[in-house]
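Got the model open in your viewer? Here's a short tour, stop by stop, with something to select at each one.

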Amino acid sequence: MAPRTNGIGVQVEDTKICVVMVGLPARGKSFIAQKAQRYLQWLSIDAQTFNVGNYRRTEAPHPSADFFDLGNAEGEKRRRAAAEAAMHDMLDWFRNGGVIGILDATNSTKERRKWVLDTCTKEGIEVLFVESKCDDEAMIMANIRDVKLTSPDYQGQDPEQAAQDFKNRIQNYEKVYKSLDEDGDENDYTYLKIMDVGSQVIINRIRDYLQSRVVYYLMNLHIRPRSVWLSRHGESLYNLDGRIGGDADLSPRGHQYAQKLPQLVRDSVGEDRPLTVWTSTLKRTISTARFLPENYNQLQWKALDELDAGVCDGMTYQEIKDVYPEDFVQRDEDKYNYRYRGGESYRDVVIRLEPIIMELERSEDIIIVTHQAILRCIYAYFMKKDQSKSPWMNVPLHTLIKLTPRAYGTDEERFSADIPAVSTWRGKGSTAKHENPTPGANI
Ligand code: ATP
Ligand code: F6P
């Protein structure tokens, strides 16, 4: 049997990793866990978060701060039961083929961490501890205000009282909390310690490629507010002909879009702040971005070039069906995995976009002018779209999409340039040059 590989081409036959979050409440553990899960799933790595708080809530939906006091025997018992239930489900999930499980809890004592480590090790699961340590009072208060007051724990409660109770909860945890390896006796653990949102990181005993991918990703995260603007190039001459790939010029309407883009961007930014512009190396994206203000830094990326259609480059869908009928059918059956002869699949594109995603995570405001397939993949990352569906998404021409990452998701706004353009969307089985997207295809 051929070895199973994950999305990044690494053999995963034997690799199972439990990422164990560590840290006091309101330190961004769930934020980090969710982002890691989204990134790994985007790479087609089977990853799942197990949030101990959700298990605890079934037993104690609205606990007050003293539930979390070590002296509270009943509270302690229920918290342990919640941790055990989460661990039990996670181990089952691993036995069914899961690759990276993320145990999202405070895991704030050495005893609890040892228990997690021993339990996982017995099952052949590697353990990577990830601690978020932050002592910035103002940031912790902002986190409480931003996400904790809307937690189901405090549903219907007065916000002032809820904030005070959450601070008391943190104090109870502080009484027993030990930072990872604080006493030097956890030195043989594999861990990443992120201090003050990445201003300092400590990496200890990272063992393999997959662990290092996760660590590298987490090191690049930041939480400064910013947005990412996405646009396809203006309508091209190939778009008018229904031809794929190539390096065609813009159509007259495509040029109109290029002229209108700076205003569209300015209106959506809301204030006068310069963005960084990324384009592909193909003429149509460079042309589309050419009127953006000179104080916007521009960068061309080969990784943003359109999906390579190999021998089909420059053909219409009808021509592809005529010349390569079997390929045409295969592509429709599994569009995400189908690789054009001498070209790429959507899966290949995701892999080549990984450095783009990494750089995007590190960056501030960016506008990306790129191509339909590339935009689908980037959009799927931010909006957590299923990879089997994302290649079928409709991404209209002459439309600017603004994505704003928030604590637990991404907000989306769209700005139409009101300049007509052909549709390049294609439904399953169709060879039409221009087809109206079905309602379900609209992202
Ligand atoms: P709890 O233990 O109560 O579940 P938590 O540690 O999981 O808390 P989150 O719910 O993830 O905390 O808190 C989210 C908030 O933390 C967001 O506002 C996010 O911006 C912020 N945040 C994200 N990363 C970090 C970090 N490394 N340090 C501090 N705050 C962060
Ligand atoms: O206090 C934050 C919290 O997420 C609770 O909702 C949850 O019950 C607890 O942490 C889980 O961590 P522990 O392992 O300390 O019980």
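## Stop 1: two residues with unusual backbone angles

Start by selecting Lys 384, which is exposed because its relative accessible area is 51%, and anything over 50% counts as exposed. Before you go on, keep in mind that this is a predicted model. Lys 384 sits in the loop between helix 14 (372-383) and strand 11 (399-406). Check its backbone while you're there: phi is positive, about 60°, although Lys 384 is not a glycine. That's worth a look because most residues other than glycine have a negative phi.

Now jump to Asp 196, another non-glycine residue with a positive phi, this time about 45°. You'll find Asp 196 in the loop between strand 5 and strand 6 (200-204). Its relative accessibility is 39%, so Asp 196 counts as partly exposed.

## Stop 2: a negative patch

Keep Asp 196 selected and add Asp 136, Glu 137 and Glu 174: these four gather in a patch of negative charge on the surface. Zoom in on Glu 137, which belongs to helix 5 (residues 137-148). Is Glu 137 buried or exposed? With 54% relative accessibility, Glu 137 counts as exposed.

## Stop 3: helix 1

Next, select residues 29-42, which make up helix 1. The helix has 14 residues and reaches 20 Å from its first C-alpha to its last, close to the 20 Å expected at 1.5 Å a residue. Turn on a surface for everything else and look at how much of the helix is covered: 12 of its 14 residues are buried, so helix 1 is largely enclosed by the rest of the structure. Among the buried ones are the aromatic side chains Phe 31, Tyr 39 and Trp 42. Charged residues are on the buried list too, including Lys 29, Lys 35 and Arg 38. Step past the end of the helix and you'll meet Ser 44, with a positive phi near 65°.

## Stop 4: salt bridges

How many salt bridges does the structure hold? There are 36. Here are a few to pull up.

Select Arg 56 and Asp 153, whose side chains meet in a salt bridge at 2.9 Å, N to O. This pair links distant parts of the chain: Arg 56 is in helix 2 (residues 52-59), while Asp 153 is in the loop between helix 5 and helix 6 (159-176), 97 residues apart. Arg 56 counts as buried because its relative accessibility is 6%. Asp 153 is buried as well, with a relative accessible area of 2%.

Now try Asp 332 and Arg 426, another salt bridge, with the closest N and O atoms 2.7 Å apart. Asp 332 lies in helix 12 (residues 325-333) and Arg 426 in the segment after strand 12 (409-416), so the pair ties together parts that are 94 residues apart in sequence. Both Asp 332 and Arg 426 are buried.

For a local pair, go to Glu 359 and Arg 362, whose side chains meet in a salt bridge at 3.6 Å, N to O. These two are 3 residues apart in helix 13 (residues 346-362), so about one helical turn separates them. Why does that spacing suit a pairing along a helix? An α-helix has 3.6 residues a turn, so residues three or four places apart point the same way. Glu 359 counts as partly exposed, at 30% relative accessibility. Arg 362 is also partly exposed, with a relative accessible area of 45%.

Finish this stop with a group selection: Lys 110, Lys 178, Glu 182, Asp 183 and Asp 185 are linked in a network of salt bridges.

## Stop 5: two long distances

Stay on Glu 182, which lies in the loop between helix 6 and strand 5 (191-195). Glu 182 is partly exposed, with a relative accessible area of 47%. Draw a distance from its C-alpha to that of Ser 287, 105 residues away along the chain, and the label should read 55 Å.

For the last selection, pick Asn 239 in helix 8 (residues 237-241). Asn 239 is buried, with a relative accessible area of 9%. Add Gly 156, 83 residues apart from Asn 239 along the chain: the two C-alpha atoms are separated by 53 Å.

How values were computed: Residues are numbered from 1 along each chain as its sequence is written. Chains are lettered from A and ligands numbered from 1 in the order in which they are written. This is a predicted model: local features need pLDDT of at least 70, side-chain atom pairs count only at pLDDT 80 or more; totals for chains, interfaces and linings use all residues. Side-chain values use heavy atoms; hydrogens and water are left out. Patches are made of residues with over 30% relative accessible area and no salt bridge: like charges are joined within 9 Å, nonpolar side chains (Val, Leu, Ile, Met, Phe, Trp, Tyr) within 5 Å. Accessible areas come from the Shrake-Rupley method with a 1.4 Å probe; for residues, only the protein chains shown count as cover. Lys and Arg count as positive and Asp and Glu as negative; His and the chain ends are not counted. The place of a charge is taken as NZ of Lys, CZ of Arg, CG of Asp or CD of Glu. Helices (H or I, at least four residues) and strands (E, at least two) are DSSP runs, numbered from the N terminus. Buried means under 20% relative accessible area, exposed over 50%, partly exposed in between (1.4 Å probe, protein chains only). The expected span of a helix is 1.5 Å times one less than its number of residues.
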